[in-house]
Amino acid sequence: MKVTVISGGVGGARFTRGLLALLAERLPDGKGGTTAAVTVVANTGDDLWLHGVRVCPDLDTVMYTLGGAVHEDQGWGRRAESSRVSTDLASYDVGWEWFTLGDLDLATHLARTQLLREGRPLSAVTAHLCRRWEPGVTLLPMTDHEVETHVVVDDGPTGQRLLHFEEWWVRHRAILPARRFVQVGLEDAVPAPGVVEALRDADVVILPPSNPVVSIGTVLAIPGIRDAVVATRAPVVGVSPVIGGAAVRGMADACLQAIGVETSAEAVARHLGLRTRDGVLDAWLVDTVDAAAATALARDGWSTRAVPTLMTDVPATARIAAAALGLVGL
Ligand code: FO1
């Protein structure tokens, strides 16, 4: 069975961890894993150069989470981390003192940067790093090109300026109203090797509860990826990142507001669109509190279901993954 997941950071990583637990139960490989082949196509729009190293937040969040090394409470970065280097760097007044690169996390960025400087594409570098963490999936960046999400914010009464997404998200906690998002470098980008094939050859494509704008939206914006999702023979099922009108993680509501989409399970589904009507989804899983959304969407041709969708732990997430697969007959 081939499963392809389009993922951002924390939400997508946690969902995939539950999905792997479910698949290990249903299709065991006898070694605690699964015979199913899972590919994660991850957003790299949050990536940035900092202190001379290339930081890939969503790739690393998926790699660390599935590799068992993630700082569980944060959802990103390494467990048992320290920040001696980052603290000392601040003394030089260099870089972003509000963006902490942990000491162990730095090893990942240094290794990645060295391999990139040797001329290897990000997809090959990611595969190399995953040899250590054995995430149990094929982890692909959405593209090997540098595409960085920037946020247009007001600058004084009449001006506007561009902030890197991480500055808007971490330094300003998404408080500055985002007028729009710009993926710098998008026009030159093509899907990374294996991405289109993973979408084309999948038995199911899943959009987990990641940020629909800056994570899922950015991946779908890479020329060729959205078309591959629309064209795949696999059913495409999404899990709402919004429960009861509130974004579960991060500041998805600030992002949705920026593109004029209401923060609701129904509005996000309609934003992503039904595949038979120029969208990308066939089915949409919502939380039990959003049962009305499921009913409204079902009336418009959606395949929907309302189940508890809070990913409180791995078993709960495995049940959510089972409900998502169940929605498309798997
Ligand atoms: N998020 C924060 O809120 N504060 C940080 O200092 C921070 C540092 C950081 C370093 C490496 C990395 O891979 C992620 C980091 N994040 C931090 C999380 C990051 O903002 C998010 O993981 C994604 O951008 C959103 O998915």
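This is a short dialogue on reading the ligand site in a predicted model.

Visitor: Where should I start? Which residues come nearest to the ligand?

Guide: Start with the residues around the ligand. There are 14 of them. Asp46, Pro57, Asp58, Thr100 and Glu166 come nearest.

Visitor: How do I read a polar contact here?

Guide: Look for a pair of N or O atoms within 3.5 Å. Now take the cases in this model. A polar side-chain atom of Glu166 is 2.4 Å from an oxygen atom of the ligand. For Asp58, the distance from a polar side-chain atom to a ligand oxygen is 3.0 Å. For Asp46, it is 3.1 Å.

Visitor: How much of the ligand does the protein bury?

Guide: Compare the ligand alone with the ligand in place. Alone, the ligand exposes 530 Å². The protein buries 90% of that area.

Visitor: What kind of space does the ligand take?

Guide: The ligand takes the space of the largest pocket.

Visitor: Which elements give two or more residues to the shell?

Guide: Helix H2 (57-66) and helix H6 (165-171) do. H6 gives the most, with 3 residues.

Visitor: What classes of residue make up the shell?

Guide: Count by class. The shell has 8 nonpolar, 1 polar and 5 charged residues.

Visitor: Why does the ligand lie between domain 1 and domain 2?

Guide: Check which domains supply the shell. Domain 1 (1-72 + 107-146 + 189-249 + 261-330) gives residues to it, and domain 2 (148-188) does too, so the ligand lies between them.

Methods:
Residues are numbered from 1 along each chain as its sequence is written. This is a predicted model: local features need pLDDT of at least 70, side-chain atom pairs count only at pLDDT 80 or more; totals for chains, interfaces and linings use all residues. Side-chain values use heavy atoms; hydrogens and water are left out. A residue is near a molecule or strand if one of its heavy atoms lies within 4 Å of it. A polar contact is a pair of N or O atoms within 3.5 Å; within protein, one must be able to donate a hydrogen and the other to accept it, and residues adjacent in sequence count only if both atoms are side-chain atoms. Accessible areas come from the Shrake-Rupley method with a 1.4 Å probe; for residues, only the protein chains shown count as cover. On a 1 Å grid over the protein atoms alone, a cavity is a set of points where a 1.4 Å probe fits but cannot get out, and a pocket is an open set with protein on both sides within 12 Å along at least five of seven lines; lining residues have an atom within 4 Å of a point. A molecule sits in a cavity or pocket if more than half of its atoms lie within 2 Å of its grid points. Helices (H or I, at least four residues) and strands (E, at least two) are DSSP runs, numbered from the N terminus. Ala, Val, Leu, Ile, Met, Phe, Trp, Tyr, Cys and Pro count as nonpolar, Asp, Glu, Lys and Arg as charged, and the others, Gly among them, as polar. Domain bounds come from an automatic or database domain assignment.
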